[in-house]
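Trainee: Could you take one part of this model and go through it closely? I would like to see how it sits among the parts that surround it.

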Amino acid sequence: MLHKVAEYIKSLYPAVPETAVILGSGLGALADRAENAVRIPYGELEGFPVSTAPSHRGELILGTLGGKTVLLFSGRFHLYEGYSAKETVLTVRLAKALGAEKIILTNASGGINKTLNCGDFMLISDHISAFVPSPLIGKNDESLGVRFPDMSNVYDREIRKAVKKIACDNGIELKEGVYAQLTGPQFETPAEIKMLANIGADAVGMSTVIEAIAAVHCGLKVCGISVIANLACGLLDKPLTSEEVTETANAKAPQFEKLVTEIIRNI
Ligand code: HPA
């Protein structure tokens, strides 16, 4: 199925994208910055799910950004929408099928570590996947990767080093930490946040980890960047809403777009 979809996309835009980007909640505006772009709604891609999450547009964009050919996914698929782990990584595997070598995974998350503030950018250094199913469960597709892939360097060390320099050169503050994915859609309880802090998570969200696993499996180099859209449940004495998450992500969008564009240009 993906092979056929990739051939269709290549017929519309033959240039090979070097880097793919999955745009998280409230971060979709980067898609408008791509030049000479071709936009393809997911609905046109045979067998592709539609994205139903708030502020996820549901289209892919091929064009140039930061002087490079890029593939942008404006809208991702989440477990909480009812998609299987395998379905949530169709974007990642399509990026590979189209010839991408690197993938930038972005998201909005809840900050757990007390050093994280609302609106911070966090470079993902590692992840905790223990609360979500692996996208690799089931028969292994040997044409994609090995049965038991190594996960010791998911968020590529060299890319992380480069990203820290890029942020510094552009005057953008960048923190670093471990991201844990839970299925959602409910936000966590205070007890769950305490547990996540105890096992070493700095931020929590409902995406990205499954995509990173699939990306490593098929040989894509991964960069993960999170916008801390709120402080996690229990850290402030007030209820959490998805509007708050989208609002913070939107407010940080211009700086985020600059950071991601410079990463695309320089990695
Ligand atoms: N928890 C889970 N997912 C999230 C959060 C959160 O606090 N903020 C943004 N996505």
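Mentor: The buried residues of helix α6 are Val209, Ile210, Glu211, Ala212, Ile213, Ala214, Ala215 and His217. Buried means under 20% relative accessible area, exposed means over 50%, and partly exposed lies in between, with a 1.4 Å probe and protein chains only as cover. Eight of the nine residues of α6 (residues 209-217) are thus buried, so the helix is largely enclosed by the rest of the structure. Helices (H or I, at least four residues) and strands (E, at least two) are DSSP runs, numbered from the N terminus.

This is a predicted model, in which local features need pLDDT of at least 70 and side-chain atom pairs count only at pLDDT 80 or more, while totals for chains, interfaces and linings use all residues. Residues are numbered from 1 along each chain as its sequence is written, and side-chain values use heavy atoms, with hydrogens and water left out.

Now the two flanks of the helix. Just after α6, Gly219 has a positive phi of about 90 degrees. On the other flank, Thr208 is in the loop between β8 and α6. Thr208 is not a glycine, yet its phi is positive, near 75 degrees. Thr208 has a relative accessible area of 1%, so it counts as buried. Asn36 also has a positive phi without being glycine, near 45 degrees. Asn36 lies in strand β2 (residues 35-41), and because its relative accessibility is 67%, Asn36 counts as exposed.

Strand β8 leads on to the ligand. Around the ligand, that is, with a heavy atom within 4 Å of it, are Ala108, Ser109, Gly110, Phe187, Glu188, Val204, Gly205, Met206, Asn230, Leu240 and Val245. This shell holds six nonpolar residues, four polar and one charged. In that count, Ala, Val, Leu, Ile, Met, Phe, Trp, Tyr, Cys and Pro are nonpolar, Asp, Glu, Lys and Arg are charged, and the others, Gly among them, are polar. A backbone N or O atom of Ala108 lies 3.3 Å from a nitrogen atom of the ligand, and a backbone N or O atom of Gly110 also lies 3.3 Å from a ligand nitrogen. For Glu188, a polar side-chain atom lies 2.8 Å from a nitrogen atom of the ligand. The ligand alone exposes 260 Å², and the protein buries 96% of that; these areas come from the Shrake-Rupley method with a 1.4 Å probe. Two elements give two or more residues to the shell, β5 (102-111) and β8 (203-205). The largest share, three residues, comes from β5.

Strand β6 (residues 121-128) can be read like α6. Seven of its eight residues are buried, so β6 is largely enclosed by the rest of the structure. Two strands pair if DSSP finds at least two bridges between them. Six bridges join β6 to β7 (residues 175-181), and these two run parallel, with Met122 opposite Lys175. Three bridges join β6 to β9 (residues 221-231), and these run antiparallel, with Leu123 partnered by Ile225. The loop between β7 and α5 (190-198) holds Pro185, which is joined to Gly184 by a cis peptide bond with omega of about 0 degrees.

Notes. A polar contact is a pair of N or O atoms within 3.5 Å; within protein, one must be able to donate a hydrogen and the other to accept it, and residues adjacent in sequence count only if both atoms are side-chain atoms.
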